[in-house]
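Student: I would like a close look at a single part of this model, taken residue by residue and then set in its surroundings. Please keep the account formal and connected.

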Amino acid sequence: KEREDELRRFRQAAEAAGHAMYYTDRDGTIEYVNPAFEAITGYSANEAVGSYPRTLKSGEMSDEFYEDLWSTLLNGNGWEAEVINRRKNGENYTAHQTISPIKVDDEIDGFVAIQTDISDRKALEAHLKTSLTQLKVMDRVLRHNLRNDMNVIIANAETIQATDAADGAE
């Protein structure tokens with residue numbers, strides 16, 4: 001009874017989590033997804049369970065990226081990175097993802113993944129970077145124009161001063 005209560009609480013926690021969660025068997029077959037996974041990816045639990053996480057591959061990440069991921073996991077270590085995935089509707093999204101091996105008796109039994117959609121944050125970062133670049137260009141142009149205007153003012157002031165000096169010498 002106590003174990004059943006613990007499992008029920010764990011499932012409720014996973015269902016309520018705002019981050020996408022899924023776990024797979026050792027071969028990578030998805031065995032469970034939470035509602036946040038469905039909301040982020042567009043795949044229902046029925047569509048996702050029995051499939052593989054590669055369903056989410058966007059083609060934006062290199063083969064070496066996935067080789068490193070699997071090598072790290074199969075060595076019993078956790079893995080964390082940003083990944084560009086693809087939703088069911090074909091739209092790409094950027095996720096911060098953590099994957100950890102699930103061990104039973106020191107043997108890897110499967111993997112649990114938690115991912116957060118950070119697409120909005122990445123778009124904002126790109127916008128800020130563009131804005132910063134534009135501000136730097138504007139700063140250079142304004143400083144250049146100000147220097148030119150100051151040089152004209154200084155030259156005119158020197159001309160007036162020289163004219164006054166010449167008129168006073170007469």
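Student: Is Q97 buried or exposed, and what is its relative accessible area?

Tutor: The model is a predicted one, and the values below are computed from it. Q97 has a relative accessible area of 5%; because the cut-off for a buried residue is under 20%, Q97 counts as buried. The residue is found in strand β4, which covers residues 92-104.

The surroundings of Q97 can be listed by name. Leaving aside residues up to four places away in sequence, Q97 touches Y22, W79, E80, A81, V83, N85, I114 and Q115. One of these neighbours, Q115, is also a polar partner: the side chains of Q97 and Q115 are joined by a polar contact of 2.4 Å.

The strands on either side of β4 come next. Strand β3, residues 79-86, pairs with β4 in the antiparallel sense, over eight bridges. Within that pairing, A81 stands opposite Q97. The two strands form a hairpin with five residues between them, and in its turn G90 has a positive phi of about 95°.

Strand β5, residues 107-117, is likewise joined to β4, here by ten bridges, and the two run antiparallel. A95 of β4 stands opposite D117 in β5, while T98 has I114 as its bridge partner in β5. The hairpin of β4 and β5 has two residues between the strands, and D105 takes a positive phi near 55° there. As a general matter, strands of a sheet pair through backbone hydrogen bonds, either parallel or antiparallel.

These pairings belong to an open sheet of five strands, in the order β2-β1-β5-β4-β3, with antiparallel pairing. Its edge strands are β2 (30-33) and β3, each of which pairs on one side only. On average, neighbouring strands of this sheet are turned by 30° against each other, direction ignored.

A helix also belongs to this picture. Helix α4, residues 63-74, lies across β3, β4 and β5, and runs at about 140° to β3. It has twelve residues and reaches 16 Å from its first C-alpha to its last, close to the 16 Å expected at 1.5 Å a residue. F65, Y66, L69, T72 and L73 are buried in α4. Seen down the axis of α4, the buried residues fall within an arc of 130°, so they line one face of the helix. Those buried residues pack against β3, β4 and β5. The face of α4 turned away from its buried side carries the exposed residues D63, E64 and E67. After α4 comes G76, whose phi is positive, near 90°.

For contrast, consider L142, which lies in helix α5, residues 119-169. L142 has a relative accessible area of 52% and is exposed, whereas Q97, at 5%, is buried. L142 and K103 are 39 residues apart in sequence, and their C-alpha atoms are 62 Å apart in space.

To return to the residue in question, Q97 is buried in the model, with A81 of β3 opposite and a side-chain polar contact to Q115.

Methods: Residues are numbered from 1 along each chain as its sequence is written. This is a predicted model: local features need pLDDT of at least 70, side-chain atom pairs count only at pLDDT 80 or more; totals for chains, interfaces and linings use all residues. Side-chain values use heavy atoms; hydrogens and water are left out. Helices (H or I, at least four residues) and strands (E, at least two) are DSSP runs, numbered from the N terminus. Buried means under 20% relative accessible area, exposed over 50%, partly exposed in between (1.4 Å probe, protein chains only). A polar contact is a pair of N or O atoms within 3.5 Å; within protein, one must be able to donate a hydrogen and the other to accept it, and residues adjacent in sequence count only if both atoms are side-chain atoms. Contact means heavy atoms within 4.5 Å. Two strands pair if DSSP finds at least two bridges between them. Axes are lines fitted to C-alpha atoms, for helices over the stretch in contact, and angles run from 0 to 180 degrees between N-to-C directions. The expected span of a helix is 1.5 Å times one less than its number of residues. The arc is that of the directions from the helix axis to the C-beta atoms.
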